[in-house]
Protein chains: 4
Amino acid sequence: MNDRPPTREVLLDAALSVFTEQTYGGAAVAEVAKRAGMSVGTLYRYFPSKEALGNAVFRRWKGELLDRLTAGADPDEPVRTTFRRAWGGLVAFAAERPDAFGFLEFQQHESYLDEQSAALSARVSAMGEEMVVRGQRVGEIRAGEPLMLLALVYGAAVGLARTIHDGLVLDRAQLAAAEDAAWALLAKPEN
Amino acid sequence: MNDRPPTREVLLDAALSVFTEQTYGGAAVAEVAKRAGMSVGTLYRYFPSKEALGNAVFRRWKGELLDRLTAGADPDEPVRTTFRRAWGGLVAFAAERPDAFGFLEFQQHESYLDEQSAALSARVSAMGEEMVVRGQRVGEIRAGEPLMLLALVYGAAVGLARTIHDGLVLDRAQLAAAEDAAWALLAKPEN
Amino acid sequence: MNDRPPTREVLLDAALSVFTEQTYGGAAVAEVAKRAGMSVGTLYRYFPSKEALGNAVFRRWKGELLDRLTAGADPDEPVRTTFRRAWGGLVAFAAERPDAFGFLEFQQHESYLDEQSAALSARVSAMGEEMVVRGQRVGEIRAGEPLMLLALVYGAAVGLARTIHDGLVLDRAQLAAAEDAAWALLAKPEN
Amino acid sequence: MNDRPPTREVLLDAALSVFTEQTYGGAAVAEVAKRAGMSVGTLYRYFPSKEALGNAVFRRWKGELLDRLTAGADPDEPVRTTFRRAWGGLVAFAAERPDAFGFLEFQQHESYLDEQSAALSARVSAMGEEMVVRGQRVGEIRAGEPLMLLALVYGAAVGLARTIHDGLVLDRAQLAAAEDAAWALLAKPEN
DNA sequence: AATGAATGAGCATTCATTCAT
DNA sequence: GATGAATGAATGCTCATTCAT
């Protein structure tokens, strides 16, 4: 009977949209409430502070990103397959939710994120690092500090998303080419 | 005799340092003036508004970045060489001026940047695109939408800088490995 | 069978405890309801506004104080006896219900008290004034504006209560000495 | 040439008047600024917070009160003289500055007063205690816990001030009678 | 009758910008 | 030219009160 989405979700959506447009720091809580179609007081019934709201939005989407990166992973599959899945997940997420991805990756968050949010970021990072390490062990990924290689690919994905966000349109073939290129960055060069 | 740096420069330096720590949006003009050792009134004699100051800082360093990317470029050299120079310039800049690089690349600027600043960003982009296009023409760089390939490498560089900024320490060999990996992203795969 | 105190009383108790800790002005209605174990809505069923609640608390205890000051009074007894009873009642009340006494006497109430509450205060005052006037008529109390003398003794009692509230501990003998001193303030000096 | 009172003083005066009428807790900073004839921003240039302003007002007047209680004190004079001076100073202060005296003594301040303010209150109290102790030593003041006796007289003075504040008008003779009565409270009873 | 979600005016505080000195 | 006091709109947050359930 009640098809209205729960208030909390409505607020998270409104917050994401405002934070995306104006940056967490530049956003006014009142604007979030207005866009959510409710009063400030109500917002504060659901989130005790702007910081708490920011962290909730961050976790909502960093968690979603983590799920997408992890979904269907199989520790025995070739690393090339793992990478394809993760990269695909990342790019699909960025394409489907450019606002969420932009909020997560195009902004500086340090000052207000709490430990739990940082832990979630760390899990995403750890997941990537594991993939690189496993790839190096089985000889599919080139030598080098795993965190450095991860920084390069992750950065490449973010760069791609940013350019798409800024207006670049890519068809399926181009996206496949992008994935190939990103894998080449990681892949062990043929001796 | 007068070795004091010109007031304008002092202000740009102070502004960069404040913007880096607190984000453009979070920074108080009074704090910039204080760190520059002068009054707000004087700051406003040099820059008509906070936006103007932000744009000046942005241009100061985006211009420096463009110089470094361009420095010593020779249209006839192999693209591999051009890339090495550009990548090296980028990474050196990020290493020497992490504050400036962070300000340029880790923050969202859209709302206050003016046309002139945007044009400068466009020139950096154009410079990269030219390199990619030339590389494709001479068969050194893989096929694909040039802006897409550029987004990937540029993003990789930014990702690397961010991870270094977050504490990762890399020696010369690792940096060389990073450059190899980044080039692999662009390089035309062997047959 | 039903030993639960009536809702209204529960609310008055909760309100007193919150007003005592935080001042009438600083207290949140929601906190009162919470401490009373019920919802705000229910509180508002019993009291139409915060002001009404404040007045009810004030009257509840100013009335109690009046009862104690009056209890067992006999118009024919010596004024010294009346005074002993009244002073003792005041001090006992302050000792037994420091919260209530503090709320009544250590705070400024003017802005929200209504006529009925003011009338109750006036009755306390009138009762004291009568005692002073009677004492003067029978030659037991010194000459002087009765309201002035009342202000002095009443103030002395409040001062004592405040100091006890702030931590001063007094035994029975000291309390008796205090009563003597207070009476000396009123008593007609020998010749 | 410049006869305008210094801004800080203007603010302290405005704050006192608003705090007196509405209680520290009930007062709006904006109202203080308005009554001082300036903007909120200016107020905040002189006082970093409402608490700081409240403490400054408290200290301004508690200090004045201390001065008045102390003025012209001579350790060798009879205690009766010391008392007359102190009581007179207190009453004169309350008469001349009923707003300041009311702010100091008719309100509950605990939650926002800082250490320095508390120390000032302690000095006033210590000064009174010394007088009582000296009086007891020389046999002019009755036996009893000095802080208790002090609480009684100080309370009597506050009670008198409150009643005057509430409208009681007293001539010189009545005020002298009040002083006599207050001294009787302290004085050692004849044999 | 009881609940507690919702409202929005009000509060303390900050900060870009102006301007008299 | 330089200063910094002054302005007041805007921000994050609270709370008395209402009302649908």
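In chain A of this predicted model, two helices pack along a shared seam. A:F83, A:W87, A:L90, A:V91 and A:A94 come from α5(A), and they meet A:V153, A:Y154, A:A156, A:A157, A:L160 and A:A161 of α8(A). By class, this contact has 11 nonpolar residues, with no polar and no charged ones. Helix α5 of chain A covers residues 79–96, and helix α8 covers residues 146–165. Their axes come within 10 Å and cross at roughly 30 degrees. An angle under 35 degrees counts as roughly parallel, so α5(A) is roughly parallel to α8(A). The crossing is right-handed.

Now step back to the whole chain. Chain A has 9 helices and 0 strands. Read from the N terminus, its elements run α-α-α-α-α-α-α-α-α. Along the principal axes, the C-alpha atoms of chain A fill a box of roughly 65 × 35 × 35 Å.

Helix α5(A) has another partner to look at. Helix α7 of chain A spans residues 115–137. The axes of α5(A) and α7(A) come within 10 Å and cross at roughly 155 degrees. Angles over 145 degrees count as roughly antiparallel, and α5(A) and α7(A) are therefore roughly antiparallel to each other. This crossing is left-handed. On the α5(A) side, the contact uses A:V79, A:T82 and A:F83. On the α7(A) side, it uses A:M131, A:R134 and A:G135. The residues divide into 3 nonpolar, 2 polar and 1 charged. A:F83 thus deserves a second look: A:F83 meets α8(A), and A:F83 also meets α7(A).

Turn to chain C for the corresponding helices. There, helix α5 covers residues 79–96 and helix α7 covers residues 115–137. Their axes come within 10 Å and cross at roughly 155 degrees. That angle makes α5(C) roughly antiparallel to α7(C). The helix α5(C) passes α7(C) in a left-handed crossing. C:V79, C:T82 and C:F83 of α5(C) meet C:M131, C:R134 and C:G135 of α7(C). By class, these residues are 3 nonpolar, 2 polar and 1 charged.

How do the chains sit relative to one another? Chain A and chain C do not touch, and their nearest C-alpha atoms are 13 Å apart. Chain B and chain C do not touch either. For chains B and C, the nearest C-alpha atoms are 32 Å apart.

Next comes the DNA. Start with strand F. The protein places 28 residues around DNA strand F. The closest are A:Y44, A:K50, B:T42, C:V29 and D:R45. Sugar and phosphate account for 66% of the strand F atoms that come within 4 Å of the protein. By class, the surface near strand F has 14 nonpolar, 10 polar and 4 charged residues.

Which element supplies the largest share of the surface near DNA strand F? It is α3(B), with 5 residues. Helix α3 spans residues 40–46 in chain A, chain B, chain C and chain D. Each of these α3 helices supplies at least two residues of the surface near strand F.

Some contacts reach the phosphates of strand F. A polar backbone atom of A:A27 is 2.9 Å from a phosphate oxygen of strand F. For C:V29, a polar backbone atom is 2.5 Å from a phosphate oxygen of strand F. D:R45 uses its side chain instead: one of its N or O atoms is 2.4 Å from a phosphate oxygen of strand F.

Now follow strand E. There are 28 residues around DNA strand E. A:R45, B:V29, C:T42, D:V29 and D:Y44 come nearest. Sugar and phosphate make up 65% of the strand E atoms that come within 4 Å of the protein. The surface near strand E has 14 nonpolar, 10 polar and 4 charged residues. Helix α3 of chain A, of chain B, of chain C and of chain D each supply at least two residues of that surface.

The phosphates of strand E also have polar partners. A polar side-chain atom of A:R45 lies 2.4 Å from a phosphate oxygen of strand E. A polar backbone atom of B:V29 is 2.5 Å from a phosphate oxygen of strand E. For B:Y44, an N or O atom in the side chain is 2.8 Å from a phosphate oxygen of strand E.

Definitions and conventions:
Residues are numbered from 1 along each chain as its sequence is written. Chains are lettered from A and ligands numbered from 1 in the order in which they are written. This is a predicted model: local features need pLDDT of at least 70, side-chain atom pairs count only at pLDDT 80 or more; totals for chains, interfaces and linings use all residues. Side-chain values use heavy atoms; hydrogens and water are left out. Axes are lines fitted to C-alpha atoms, for helices over the stretch in contact, and angles run from 0 to 180 degrees between N-to-C directions. Helices (H or I, at least four residues) and strands (E, at least two) are DSSP runs, numbered from the N terminus. Angles under 35 degrees count as roughly parallel, over 145 as roughly antiparallel, 65 to 115 as roughly perpendicular and the rest as oblique. A crossing is left-handed if the near helix is turned anticlockwise from the far one by less than a right angle, and right-handed if clockwise. Contact means heavy atoms within 4.5 Å. Ala, Val, Leu, Ile, Met, Phe, Trp, Tyr, Cys and Pro count as nonpolar, Asp, Glu, Lys and Arg as charged, and the others, Gly among them, as polar. A residue is near a molecule or strand if one of its heavy atoms lies within 4 Å of it. A polar contact is a pair of N or O atoms within 3.5 Å; within protein, one must be able to donate a hydrogen and the other to accept it, and residues adjacent in sequence count only if both atoms are side-chain atoms.
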